[in-house]
Amino acid sequence: MAPTKVAVCQILSTNDPAHNLKVSSAVVREAAKAGATAAFLPEAADFIALTTEECRALSFPLSAHPYTLGLRALAKELGIVISAGVHEVPEPGEADDEPAGSLRVYNTHVLIGKDGALLARYRKLHLFDVQLTSPPHPDGTIPPPTKSGESDRVRPGREIVPPVHVEGLGNIGLEICYDIRFPEQHTILTRLGADILTFPSAFTLKTGKDHWPTLNRAIAIQYQVYVLASAQYGAHNPTRSSWGETIAFDPWGKELGHLRSFEDTAEGDEAVSKTYAEGGEFFIAEIDTDVVQNTRKQIPLAIQKRSDVYGVVGKS
């Protein structure tokens, strides 16, 4: 099969969904002009909010979600597949177990077909609840850890969505950001036939610098899949910044492209600020499912697993 071109995109979302749709649309249009048949946008492409209350106020069910509906119309207009991360209000009856007054929404990955149809919806399983330490101050005092409690504002998903077949690309497995650290999910998706694993993300500056490219390349090699990892980049607001470094690998671990990280840009670089205010950046990667099969033939991990010793993850 001839290789298929895809665009792996990087944007800077704010708390203005209309602006973010304009920015996302601009970068997808440029990707389509460059020959991409699919465009992959990052986690929380619709917005990054300042507060839990604002997050809830800006979220909608997918059936009435302005950002997602905008992408669906764009996909149909351009004849391009679009992947993006959005915030989704639970459908009626889905969150009856939430306490009264809960403001939690789903962190959702949508895959939109070239006809504008919603091909799949995956809700993030693993939520980013961590405490990250910082270096000591010059006087030797230790700053308090930086806490992130995604579960305060996000309701966890409850299922792994089987890989979605897209003509020319093979089977696409949907994950989101922090899911990247949980091998059980990758194992199940590849066993279900994934040729590509996608990780739309908004990594922190600390974990992005130390872990992001290593995690992505390791998954490509270990699970013998393409990895497409679109990322948020830059300062979203005074208290929240994302690492960037959108990146992709083939099943052998060959890097197919990467974009700037937070540290790659000089403070006050007006040209970069203008780029992200108007659209963003992307690179073109070629997907060839023959590469997946050839890699797996050379190193046949699937038939060498010792399920008789350690069982099968997710068998049920």
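## Cores, sheet and backbone of a predicted model

The largest nonpolar core has 42 residues, and those touching the most other members are V6, L111, L169, I172, W212 and L228. All of this refers to a predicted model. Leaving aside residues up to four places away in sequence, I172 is in contact with F40, L111, P163, V164, V166, I196 and T198. Another core lies apart from the largest one; this other core comprises 22 residues, including A31, L41, L62 and I80.

The sheet is described next. Six strands form an open sheet with mixed pairing, in the order 8-9-10-11-14-15. Strand 8 (164–166) and strand 15 (255–258) are the edge strands, each pairing on one side only. On average, neighbouring strands of this sheet are turned by 20° against each other, with direction ignored. Strand 8 and strand 9 run antiparallel and are joined by 3 bridges. I172 in strand 9 is the bridge partner of V164, and V164 is also among the residues that I172 touches.

Two helices can be placed relative to these strands. Helix 5 lies across strand 10, strand 11 and strand 14, and runs at about 25° to strand 14. In helix 4 (residues 183–191), the buried residues are Q185, H186, T187, I188, L189 and T190. The cover over these buried residues includes strand 5 (118–123), strand 9 (170–174), strand 10 (196–198) and helix 5 (205–223). Helix 4 is followed by G193, which has a positive phi.

Which phi values are positive in residues other than glycine? Q224 has one of about 55°, and E245 has one near 60°. Most residues other than glycine have a negative phi. The table sets these two beside G193.

| Residue | Phi | Place |
|---|---|---|
| G193 | near 110° | follows helix 4 |
| Q224 | about 55° | loop between helix 5 and strand 11 (226–229) |
| E245 | near 60° | loop between strand 13 (240–243) and strand 14 (247–249) |

Are Q224 and E245 buried or exposed? Q224 counts as buried because its relative accessibility is 6%, under the 20% cut-off. E245 counts as buried at 15% relative accessibility. Q224 sits in the loop between helix 5 and strand 11, and strand 11 is one of the strands that helix 5 lies across. E245 belongs to the loop between strand 13 and strand 14, and strand 14 takes part in the open sheet.

Technical notes: Residues are numbered from 1 along each chain as its sequence is written. This is a predicted model: local features need pLDDT of at least 70, side-chain atom pairs count only at pLDDT 80 or more; totals for chains, interfaces and linings use all residues. Side-chain values use heavy atoms; hydrogens and water are left out. A nonpolar core is a set of buried Ala, Val, Leu, Ile, Met, Phe, Trp, Tyr and Cys residues joined through side-chain atoms within 4.5 Å. Buried means under 20% relative accessible area, exposed over 50%, partly exposed in between (1.4 Å probe, protein chains only). Contact means heavy atoms within 4.5 Å. Helices (H or I, at least four residues) and strands (E, at least two) are DSSP runs, numbered from the N terminus. Two strands pair if DSSP finds at least two bridges between them. Axes are lines fitted to C-alpha atoms, for helices over the stretch in contact, and angles run from 0 to 180 degrees between N-to-C directions.
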